[in-house]
Amino acid sequence: MSRKIAVLAGDGIGPEVVGEAVKVLKRISSAFEFEHALVGGAAYDDGGHPMPQSTLDLCRASDAVLLGAVGGPKYDKIQPPEMRPEVGALLPLRSELNLYANVRPAKTLNALKDSSPLRGDRGVMDLVVMRELTGGIYFARPRERRDDGNTAVDTCIYRRHEVVRIAERAFEIARQRRREIVSVDKANVLETSRLWREVVTEMAPSYPDVKVSHMLVDNCAMQLVRDPSQFDVILTENMFGDILSDEASMITGSLGLLPSASLSDPKEGRVFGLYEPVHGSAPDIAGLGKANPIATILSAAMMLRYSFDDDAAALVIENAVDAVLDAGIRTADIMSEGCQLVSTSEMGEAISQRILLS
Ligand code: IPM
Ligand code: MG
């Protein structure tokens, strides 16, 4: 069966890393059909809007979306701010496609154990941040600024059904893992957090095989550096998930390694999703062949697992990445003594070769 993948390369290093992920997907199967469209700064330059309607339409007509990264210094001053690539492209993509469940695994890769900023084995971990992605302070209105410029308002709203659906996805993922959820909030201060905690507490008895506990977000930030191995699934709201996922990713050693999936409602065992690296567009190294394509390649593996229900193919890609790293092949961001330094495309090629061998 042919599957259509919308490819939104975006800005900065986006096109380079996405190119390598497409290369890997082509090695896995000839059944994928790729259609490219503009997003972010590239789309703004082309037609004056970071999220063209035609790009959204392509996503809706596809089985999955592969995204690179958006934004860059060239676009930071665009007015109004709603037209900047991050807010004007990423946020509408997420909300229009109902991608409310953001899955961000952060796992220590064996070959890169020593790259963690935590000494020795203290940084070894295998966790997933389940981040609510279409609610909370990122989306709620009013967002007002007083005319004199001295007062700004952001509003945080959560509705029961928004908490229920992300928690359901977290319970499902926990069941495929070590069956432990830490739900993270700020219930000692925020009303939205008290609702969040109430809903998760009510749902827990329906999943008796999953252990649920609650943690305040400041404590979680601290626990992540104290002992990241204590976490299996971290379930949290939009902004806390943004912050904690960056923290967790750095503990693995490099932001250049971490994939993500943003998923909609499951239907018949499959979900529509957008797959992208956790890192940004890295304009300082764009076009130089220095970017690490592994995060995007592992995002493509997540696409196979969640949207195409093909765990075996996902594992082939993940094992190929491990094999290449075990062989000492490195892009600049993860380079260490005695290893072989390669470019973005050489890394993609090395991983593709391992797929052919497997
Ligand atoms: C992320 C990014 C985005 C977010 C920005 C670029 C809007 O930091 O995907 O984590 O905050 O969600
Ligand atoms: Mg972020």
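Which atom of ligand 1 lies 2.7 Å from a polar side-chain atom of arginine 94? In this predicted model, in which local features need pLDDT of at least 70, side-chain atom pairs count only at pLDDT 80 or more, and totals for chains, interfaces and linings use all residues, the partner is an oxygen atom of ligand 1. Residues are numbered from 1 along each chain as its sequence is written, ligands are numbered from 1 in the order in which they are written, and side-chain values use heavy atoms, with hydrogens and water left out.

Oxygen atoms of ligand 1 also lie 2.8 Å from a polar side-chain atom of arginine 104 and 2.6 Å from one of tyrosine 138. Taken alone, ligand 1 exposes 320 Å², of which the protein buries 75% (accessible areas by the Shrake-Rupley method with a 1.4 Å probe).

The residues around ligand 1 (one heavy atom within 4 Å) are Glu86, Leu90, Arg94, Arg104, Arg131, Tyr138 and Asp242. By class, this shell holds five charged, two nonpolar and no polar residues, where Asp, Glu, Lys and Arg count as charged, Ala, Val, Leu, Ile, Met, Phe, Trp, Tyr, Cys and Pro as nonpolar, and the others, Gly among them, as polar. Helix H4 (residues 85–96) gives the most to the shell, with three residues; helices are DSSP runs (H or I) of at least four residues and strands (E) of at least two, numbered from the N terminus.

Backbone geometry was examined as well. The peptide bond from glutamine 79 to proline 80 is cis, with omega near -10°, and proline 80 lies in the loop between strand S3 (64–69) and H4.

Note on methods: A polar contact is a pair of N or O atoms within 3.5 Å; within protein, one must be able to donate a hydrogen and the other to accept it, and residues adjacent in sequence count only if both atoms are side-chain atoms.
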